[in-house]
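I opened a fresh page today for a friendly look at a new model. My plan is to take one chain by itself, then see how the copies relate.

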There are 2 protein chains.
Amino acid sequence: MPHTTAPSPRTRVRRLPERAHYDADSIAAIVDAAMLCTVAFQIDGMVHAIPTIHWREGEHLYIHGAKGSRMLKALTAGEACVTIALADGLVLARSAMHHSMNYRSVVLYGRFEAVTEPAHKLASLRAFIDGLYPGRWDTLRPISDKELNATTVLRIALDEASAKVRDWGVKDDEEDLAWPVWAGVIPLRTVTGAPEIEHDSVGRVVPPTRFG
Amino acid sequence: MPHTTAPSPRTRVRRLPERAHYDADSIAAIVDAAMLCTVAFQIDGMVHAIPTIHWREGEHLYIHGAKGSRMLKALTAGEACVTIALADGLVLARSAMHHSMNYRSVVLYGRFEAVTEPAHKLASLRAFIDGLYPGRWDTLRPISDKELNATTVLRIALDEASAKVRDWGVKDDEEDLAWPVWAGVIPLRTVTGAPEIEHDSVGRVVPPTRFG
């Protein structure tokens with residue numbers, strides 16, 4: 001369901017609209033590039049927000065947690081707002097005012113629904129693990145019914161969302177271009193460090209991850 | 001104002017309380033290590049959340065934005081919930097259930113206040129720039145009154161906050177330890193890439209950043 005304009009008034013980017021993207025591919029790419037989102041919701045009229053790990057399958061963003069979690073219960077009872085943000089670069093201008101950041105972000109509105117059908121839930125958890133570590137699910141000690149029952153999986157449609165991206169250089173005022181200070185972009189990226197194997201791990205091969 | 005127990009009922013960590021920290025130093029360290037937070041708030045009873053860059057001075061978290069921003073207006077009119085999350089490592093267990101993440105997170109409640117006194121506002125913006133790039137403020141084209149007026153600075157006290165940290169290895173079930181799959185932690189970290197200088201930049205030295 002691609003959008004070239006905002007799918008709803010609350011997703012329309014008002015501040016710096018030249019950074020807005022509403023198409024499904026742009027939104028999916030940012031959801032996939034991030035591991036963590038923040039889920040904001042209300043309980044008794046009070047705003048709460050919790051960071052959590054997410055994954056995507058098709059046109060839904062998925063989260064999971066322990067059965068009985070207060071947050072997961074609240075999420076199927078009311079509207080939520082999910083945000084994702086990735087810092088891609090530091091933008092250093094000649095004036096304080098034009099310092100900026102390169103980033104990719106998504107803001108998503110809607111209501112979560114529980115994934116209760118066992119086969120769907122199982123397939124979702126497999127997609128979650130294999131999305132982070134391709135092929136890992138089949139190498140693991142199989143999940144038990146008890147574990148599956150203890151886990152709640154929720155999903156929210158990606159159709160009421162907007163993305164915002166800044167991915168360009170410095171935009172200084174013309175009259176400041178000769179100011180004698182370094183200006184440019186310093187990229188930021190997430191990398192993996194040396195794997196720390198469990199001392200009693202009998203696995204032989206470090207699994208590949210989505211992060212390399 | 002150090003806390004060894006939750007400063008309020010809504011900051012008490014209910015899920016996995018062994019990961020909770022309530023002391024001011026733990027909270028400040030996570031706020032300082034992150035560049036982005038998510039600010040959740042309500043407008044007309046609807047939840048919104050927006051990622052934004054932040055900095056800390058003493059016992060307050062600061063954010064800034066353009067004067068007239070809908071979010072900044074709403075933030076001084078009602079309660080907010082600010083979240084920060086840093087992904088530190090992928091935890092790969094022998095069972096899907098015990099896969100996890102090492103992370104540091106903060107959840108903060110309260111109400112933002114505007115920093116309107118010009119000297120305070122100026123000092124805050126200097127602290128923001130110099131916090132990212134030590135010593136940079138004095139090398140920049142000086143900020144104008146017009147720019148200062150166009151910028152809104154808000155702050156929120158860090159006193160109603162909790163931190164949650166996981167920074168340990170795999171916690172598999174005893175009976176799974178011999179399962180023949182690699183188990184361990186793959187650290188994640190943010191690094192800077194090669195600086196991309198503006199073609200007309202006349203600065204000679206790439207500034208140091210907080211990220212190295």
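**Notebook: one chain, then the pair**

I began with burial, keeping in mind that this is a predicted model. Chain A has 212 residues, and 52% of them count as buried.

Next I looked up the secondary structure. I found twelve strands in chain A, along with four helices.

Then I checked the overall dimensions. The C-alpha trace of chain A spans about 65 × 45 × 30 Å along its principal axes.

I also wanted to know how the contacts are spread along the sequence. Taking the contacts in chain A with a separation of 6 or more, I see that 70% of them join residues 24 or more positions apart.

On to the surface. Chain A exposes about 9,600 Å², and I note that 55% of this area comes from carbon and sulfur atoms.

I looked up the charges as well. Chain A carries 24 positive and 26 negative charges, and the mean positions of the two sets lie 4 Å apart.

Now for the second copy. How is chain B laid on chain A? A turn of 180° with a shift of 0.0 Å along the axis does it, and the RMSD is 0.0 Å. I therefore wrote down the relation of a two-fold axis.

Which C-alpha of chain B is nearest the axis? I found that of Thr190(B), 2.2 Å from the axis.

My last entry is on the contact residues. In chain A, 100% of the contact residues of chain B recur, so I noted that the same surface serves both copies.

Key:
Residues are numbered from 1 along each chain as its sequence is written. Chains are lettered from A and ligands numbered from 1 in the order in which they are written. This is a predicted model: local features need pLDDT of at least 70, side-chain atom pairs count only at pLDDT 80 or more; totals for chains, interfaces and linings use all residues. Side-chain values use heavy atoms; hydrogens and water are left out. Helices (H or I, at least four residues) and strands (E, at least two) are DSSP runs, numbered from the N terminus. Buried means under 20% relative accessible area, exposed over 50%, partly exposed in between (1.4 Å probe, protein chains only). Contact means heavy atoms within 4.5 Å. Accessible areas come from the Shrake-Rupley method with a 1.4 Å probe; for residues, only the protein chains shown count as cover. Lys and Arg count as positive and Asp and Glu as negative; His and the chain ends are not counted. The place of a charge is taken as NZ of Lys, CZ of Arg, CG of Asp or CD of Glu. Copies are superposed by least squares on the C-alpha atoms of residues with pLDDT of at least 70 in both.
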